[in-house]
Amino acid sequence: MRQLHSSWTFIVLLFFCWVGTTARAQEENTRPAYTAERTDWMGALPDAFPMCKLSIPGTHDSGARFGGPDFHTQNQDIPAQLRQGIRAFDIRLQEKDGKLGVFHSIAFQQVYWETDVLPAFLRFLQEHPTETLVVSLKREGGTPEAYATLLATSLEDKANRACFVEDFHPALALGDCRGKILFLHRDVATPHYPGAACSGWADDATCLLTLRDKNGQEGHALLQDEYQYESDQESAQKIAAAIRNLEAVAAEPEDSRRWGISFASATGLPDGTPQAFADQVNPALADWLEEHGGARRGIVFIDFTGQEGGQRLVSVLINGNFR
């Protein structure tokens, strides 16, 4: 009798193990199946999804792969970042050789806006039309006149223009932007600019940023761009600043159309390089988001997204859109 009871107990345990395994398998099948290359993750989201409610991983100083430890912020080129799932880019430009070179401060990054960066964006969107890119443009040096003249050439090109979000408004939905670039201009190059001009972008600060389209329509973004510290020993201050803004963005009411922009990047030269901060900030923010959720965190600009901490931070932001 004892043997029969043991047999039934074993059978019941097998049954519950099977039920649990089946339930977990069904749950996994309902989640987006991602590979190391997340080229089409936005395609799984509905057109009506408000852009301001997305969690969008981005790269700070997206082209900065050269110039030594003081200027080096990324270890992947832009096509690799696109394949990883990066959808926001911080591009800094200065006139060089009659074109706009990508710079980080004084360090030329061996690529040009017209021949390398913009074509990579357009080619990616042609191949992956469900995606959209947010591209922040900033004049890094040189004269305003040279910057405006050269950038206007690519912005006013009719073939390119069809791939740009023409008019910004705060309630933009993902469906309005698929297959296109939404520009955020930190330096306006032309009165007929596509996207949004940024007004009130305070240096090394957290502030309320105004986003204004060329017709005067305005929106706002909760901006955290605190980056200057004494050394990487102050990385906890940077982590706290980032978390405060990520919390504020996610706490916006459902009907709010304020955007969120947070920088995970920082520097504290000579001792606190971008790498030294990234080694501490990226895993800390990934840990925090894994505990508190990656949904509705806005645009997050990150250093060294190809490294383990950066990869985790990118993943938790992307995954948050599906929770």
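Which residue in E3 is the bridge partner of Gln94? Here are some notes on that and a few other spots, with the reminder that this is a predicted model.

1. **The partner of Gln94.** The residue you are looking for is Gly101, which is the bridge partner of Gln94 in E3. The two strands involved, E2 and E3, run antiparallel and are joined by 4 bridges. They form a hairpin with 2 residues between them. Have a look at Asp97 in that turn, where phi is positive, at about 55°.

2. **Onward from E3 to E4.** Gly101 is worth keeping on screen, as this glycine also stands opposite Tyr112 in E4. E3 pairs with E4 in the antiparallel sense, over 3 bridges. Here too there is a hairpin with 2 residues between the strands. As for cover, E3 is mostly hidden, with 5 of its 6 residues buried.

3. **Ser105 in the turn.** Ser105 belongs to the loop between strand E3 (99-104) and strand E4 (107-112). Its phi is positive, about 55°, although the residue is not a glycine. Is Ser105 buried or partly exposed? The relative accessibility is 34%, so Ser105 counts as partly exposed; to be called buried, a residue has to fall under 20%.

4. **Strand E1 and its two neighbours.** E1 (residues 55-59) pairs with strands E11 and E2. With strand E11 (residues 298-302) the direction is parallel, and 5 bridges join the two. Within this pairing, Pro57 has Val300 as its bridge partner in E11. With strand E2 (residues 88-96), E1 pairs in the parallel sense over 2 bridges. There, Phe89 in E2 is the bridge partner of Thr59.

5. **How well E1 is covered.** Which residues of E1 are buried on each face? On one side they are Ser55, Pro57 and Thr59, and on the other Ile56 and Gly58, so that both faces are covered. The count for the strand is 5 buried residues of 5.

6. **Asp61, after E1.** Moving along the chain, Asp61 sits in the loop between E1 and helix H2 (78-84). Its phi is near 45°, a positive value in a residue other than glycine. Asp61 has a relative accessible area of 2%, and is therefore buried, the cut-off being under 20%.

7. **Ser256 and its surroundings.** Ser256 lies in the loop between helix H7 (235-250) and strand E10 (259-263). Because its relative accessible area is 11%, Ser256 is classed as buried. Its side chain makes a polar contact of 2.5 Å with the side chain of Glu252. Which residues does Ser256 touch once its neighbours within four places in sequence are left aside? They are Cys52 and Lys53.

8. **The loop between E10 and H8.** Two residues of this loop deserve a look. One is Pro270, which is placed between E10 and H8. The peptide bond leading to Pro270 from Leu269 is cis, with omega near 10°. The other is Thr273, also in the loop between E10 and H8. Thr273 has a relative accessible area of 16% and so is buried. With neighbours within four places in sequence set aside, Thr273 is in contact with Pro69, Asp70 and Ala266.

9. **Helices H8 and H9.** Two packed helices are described by the angle between their axes and the distance between the axes. For helix H8 (residues 274-292) and helix H9 (residues 308-320), the axes come within 8 Å and cross at roughly 30°. H8 and H9 are therefore roughly parallel to each other, as angles under 35 degrees count that way. The crossing in which H8 passes H9 is left-handed.

10. **Where H8 meets H9.** If you would like to colour this contact, start on the H8 side with Asn282, Pro283, Leu285, Ala286, Asp287, Leu289 and Glu290. Their counterparts in H9 are Gly309, Gly310, Arg312, Leu313, Val316 and Leu317.

Notes: Residues are numbered from 1 along each chain as its sequence is written. This is a predicted model: local features need pLDDT of at least 70, side-chain atom pairs count only at pLDDT 80 or more; totals for chains, interfaces and linings use all residues. Side-chain values use heavy atoms; hydrogens and water are left out. Buried means under 20% relative accessible area, exposed over 50%, partly exposed in between (1.4 Å probe, protein chains only). A polar contact is a pair of N or O atoms within 3.5 Å; within protein, one must be able to donate a hydrogen and the other to accept it, and residues adjacent in sequence count only if both atoms are side-chain atoms. Contact means heavy atoms within 4.5 Å. Two strands pair if DSSP finds at least two bridges between them. Axes are lines fitted to C-alpha atoms, for helices over the stretch in contact, and angles run from 0 to 180 degrees between N-to-C directions. Angles under 35 degrees count as roughly parallel, over 145 as roughly antiparallel, 65 to 115 as roughly perpendicular and the rest as oblique. A crossing is left-handed if the near helix is turned anticlockwise from the far one by less than a right angle, and right-handed if clockwise.
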